[in-house]
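Visitor: I'm new to this one. Please pick a single part and walk me through it slowly.

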Amino acid sequence: MRAPAGLKTMRRLGCAAAVCMLLAAELRSQSEPPVDPQQIRAQIKHLGQWYSEEFQKEASLFLTRSGKGSVPYLMEALNDEDLSRQARVVEILGNLRDANARLPLILLYQREKSILIRCKVLEALGKSRDAAVFDFVAARVKDGNLRIRAFAVWAMGELRTPKAVPLLMEVIKSDAGPPVIAAIDALGKCGGARQVPLLMEYLRHWDVQTRYVAALSLGELANREMVPALFEALQWETHIDVQEALAKSLGKIGGKEAISRFLEILKKGPYPFDQRVAAVGLRAAGTQAVFPLLELLERGSVEDKLQAAKILVSLKSAGAVPYFLKMLDSENTTERLMAVVSLGDLGDAAIDKRLEPLSASGELIIRQAAWEARRKIHAQQSRRDSERP
């Protein structure tokens with residue numbers, strides 16, 4: 001009696017690998033094939049180690065954009081002997097967040113001894129935000145390999161469940177190095193107000209990366225009561241990356257108090273890096289900071305206006321457009337130049353006609369800026385048109 005095809009496969013590859021293939025086959029039969037299988041397989045082949053980095057990037061982008069349609073073929077490729085291709089396949093499956101890939105990924109972890117592949121699987125399971133993988137990931141937090149522990153802790157954070165908090169606290173107390181840094185990061189995603197005092201302690205840690213991660217995590221957990229303490233930490237912090245992380249957190253949670261203090265630093269900061277940190281905080285505050293920045297754009301000094309304009313452009317504030325249009329008539333060349341550049345960066349097609357006369361300005365610097373601004377506006381409009389269905 002002839003064995004069924006599925007049984008033959010299981011004998012040849014072993015249960016774990018065969019399950020991946022059988023699940024993939026079932027998915028293909030159930031879903032509409034919106035993709036060309038040959039093209040998908042060709043792109044998966046380009047993920048291998050013998051292809052250039054450019055080929056690999058293009059293939060990854062194509063497969064990710066193909067969405068769910070590429071999942072069955074990616075699951076098949078989990079059995080590939082090329083570890084480089086296998087790792088990229090796992091990464092793409094993680095980005096696609098398809099629940100059907102959960103079991104094949106877990107089976108791959110169990111049969112594969114490569115630390116790289118195991119870490120990639122944990123990363124993909126974390127990205128999935130699938131509560132069903134919590135116990136599997138949690139069991140790897142105490143693995144003997146430091147890299148696996150660190151990736152497992154990171155994945156716990158990505159699952160964003162309060163269930164992870166006791167385990168994360170245990171990691172912080174008993175582990176060291178990357179797992180602890182990952183646990184501090186994960187607390188910002190899973191924890192609550194009770195974890196804020198612990199994270200505040202880590203703002204004084206000797207390691208820059210630890211302070212940096214703690215500062216960002218506080219932006220997820222802290223409330224406005226912590227604003228004075230975070231500004232105090234900002235004053236004695238010496239590393240620019242940690243300063244910017246603190247500014248981001250203050251911008252997110254600080255409300256009017258933080259915005260007001262950042263505006264004062266922006267206007268009166270004794271050093272350029274103070275103004276840079278203030279700008280980071282105001283950008284993090286988002287739309288809350290727009291009105292105060294518009295006031296600065298209207299009434300501030302030329303230097304203040306320049307600072308406000310950069311932040312408003314980075315926030316893509318449509319409300320700033322009338323202010324910039326008004327500044328086109330300013331007698332100050334610096335203000336006119338700032339307005340032209342800012343309008344070009346905002347990329348509103350309706351502005352193009354207003355900039356057209358400036359393309360023939362007698363001032364070379366204004367003329368060049370107007371040409372460049374109009375080029376940006378046309379390029380952005382063409383991109384929008386090409387993206388329309």
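Guide: First, a word we'll need: buried means under 20% relative accessible area, exposed means over 50%, and partly exposed is in between (1.4 Å probe, protein chains only). This is a predicted model, where local features need pLDDT of at least 70 and side-chain atom pairs count only at pLDDT 80 or more, while totals for chains, interfaces and linings use all residues. Residues are numbered from 1 along each chain as its sequence is written, and side-chain values use heavy atoms, without hydrogens or water.

Now let's zoom in on Leu93. You'll find Leu93 in helix 6, residues 83–96 (helices are DSSP runs of H or I, at least four residues, numbered from the N terminus). Leu93 counts as buried because its relative accessibility is 3%. Who keeps Leu93 company? Skipping neighbours within four places in sequence, Leu93 is in contact with Val71, Leu74, Leu78, Asp98, Ala101 and Leu105, contact being heavy atoms within 4.5 Å. Then there's Val121: Leu93 and Val121 sit 28 residues apart in sequence, with 9.3 Å from C-alpha to C-alpha.

One of those contacts, Val71, brings us to helix 5, which covers residues 71–76. Glu76 of helix 5 makes a salt bridge with Arg41, with 3.5 Å between the closest N and O atoms (the rule wants a side-chain nitrogen of Lys or Arg within 4 Å of a carboxyl oxygen of Asp or Glu). Arg41 belongs to helix 3, residues 37–45, so this pair links distant parts of the chain, 35 residues apart. Unlike buried Leu93, Arg41 is partly exposed, because its relative accessibility is 40%.

Technical notes: Helix = DSSP H or I, 4+ residues; strand = E, 2+ residues; numbered from the N terminus.
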